[in-house]
Amino acid sequence: MSTKSGATMSDQTKKQSPATITAQALGWVDDATKSVTPPLYPSTTFERNTDLSYHDGRCYTRADNPTYDQTSAVLNALEGGTETRLFASGMAAAVAVLHALNPGDHVVAPKVMYWALRSFMLDSGVRTGLTFDFVDNGDTADWARHIVAGKTKMVWLETPANPDWQITDIAAVAEVAHAAGAQVVVDNTVATPLLTRPIDFGADIVMHSATKYLNGHSDVLAGSLTTAKDSEFWQRVCKQHASGGAVLGVFETWLLLRGMRTLSIRVERASANAMAIAKHFENHPEIEQIQYPGLESHIGHDIAKKQMTGGFGGMLSIRVKGGGKRAVDFHNQCKLFKRATSLGGVESLIEHRASVEGPTSPVPDDLLRLSVGIENGDDLVNDIETALTLSK
């Protein structure tokens, strides 16, 4: 079963649908035992041959553990990349990309994005000499105004963007970025490769907080990076991966692959539930606004239709009439939606983002972020209806 994550896919694999790739985990069977579930390799080191070479090129577990191979290869196949690296968390993956830049490099990123990463950029990123401009996620012209040839080295996209689910036209921004000589990195955590493959639209590197949809069971912390092609910059990222130490544990890697086997049916069900909730409450008298890219009323709906296939994801936000206090009261009345951070699990979650992000957050105080799970859709609708009634 020993195969590196950058291995070339067979023609047969290239023709397989994502549902088959995930359920079969590329169909690998352990050579030694013929088990259909891959083994774990807890060893941290590997014996050298008598000629001082390393068997199968493996030296030390940080970059060389064979447990990584199948998990990386499945994600690589889903994203259509040439190599995938696994990290201890989504933040570790994102930080590895930023650390591959040089002091003085300019980065353009969205104003509204994953809050922890934006905070890291403005703190540690600035202290290491990087410069940042933050732009309107859905405004291609705004991206173009801030991407400067000879200055901008990286464009960081997140689409749909957390937590207002704005959509960025990946292809349009990538064209501008590449013309300026910049790398394009896309956080694809929310869409997943089941709905969007950013590399197909010009992305150079795709990042995941694999803690979320890829694992899907709220029990693994993990991250990943997939590259469209090998490059000098990617090699710098790989050096950060191997020497920085923020690698994924072998048991977590095994659990991540187990979670990815059901990715297709989970994303399909969560997307259907989210769409049903969005449509039901779009014109509800107690709701100020539903933010969901699957709705025609969403400002980014047309772009979402162009670059999302098979659904619009399981994430949406509700702005409740009555302001911040009503929003908190409402979310306290929910029973099926659990009051918790994170997203992408089988269970539905609800969160008051402004209180999490603090006084500098751009998120409105009346906004609640919903991660819609795979429960019965009618039960979820009824839970929201009941909570709205009880919070009046």
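This passage describes a group of paired strands, a buried glutamine and an open sheet in a predicted model.

In this predicted model, local features require pLDDT of at least 70 and side-chain atom pairs count only at pLDDT 80 or more, whereas totals for chains, interfaces and linings use all residues. Residues are numbered from 1 along each chain as its sequence is written, and side-chain values use heavy atoms, with hydrogens and water left out.

Strand S5 (residues 183–187; strands are DSSP runs of E of at least two residues, and helices runs of H or I of at least four, numbered from the N terminus) is largely enclosed by the rest of the structure, because four of its five residues are buried, that is, under 20% relative accessible area with a 1.4 Å probe and protein chains only. S5 pairs with S4 in the parallel sense over five bridges, where pairing requires that DSSP finds at least two bridges between two strands. On its other listed pairing, S5 joins strand S6 (residues 205–208) in the parallel sense over three bridges, and Val-185 stands opposite Ile-205 in S6.

Gln-166 lies in the loop between strand S4 (152–158) and helix H8 (170–179), and counts as buried because its relative accessibility is 17%. A polar atom of the Gln-166 side chain lies 3.3 Å from the backbone nitrogen of Gly-138.

A further, open sheet has five strands in the order S8-S9-S12-S11-S10, with mixed pairing. Its edge strands, each pairing on one side only, are S8 (287–291) and S10 (338–339). S10 and strand S11 (residues 349–351) pair in the parallel sense over two bridges, and Leu-349 in S11 is the bridge partner of Lys-338.

Conventions. Buried means under 20% relative accessible area, exposed over 50%, partly exposed in between (1.4 Å probe, protein chains only). A polar contact is a pair of N or O atoms within 3.5 Å; within protein, one must be able to donate a hydrogen and the other to accept it, and residues adjacent in sequence count only if both atoms are side-chain atoms.
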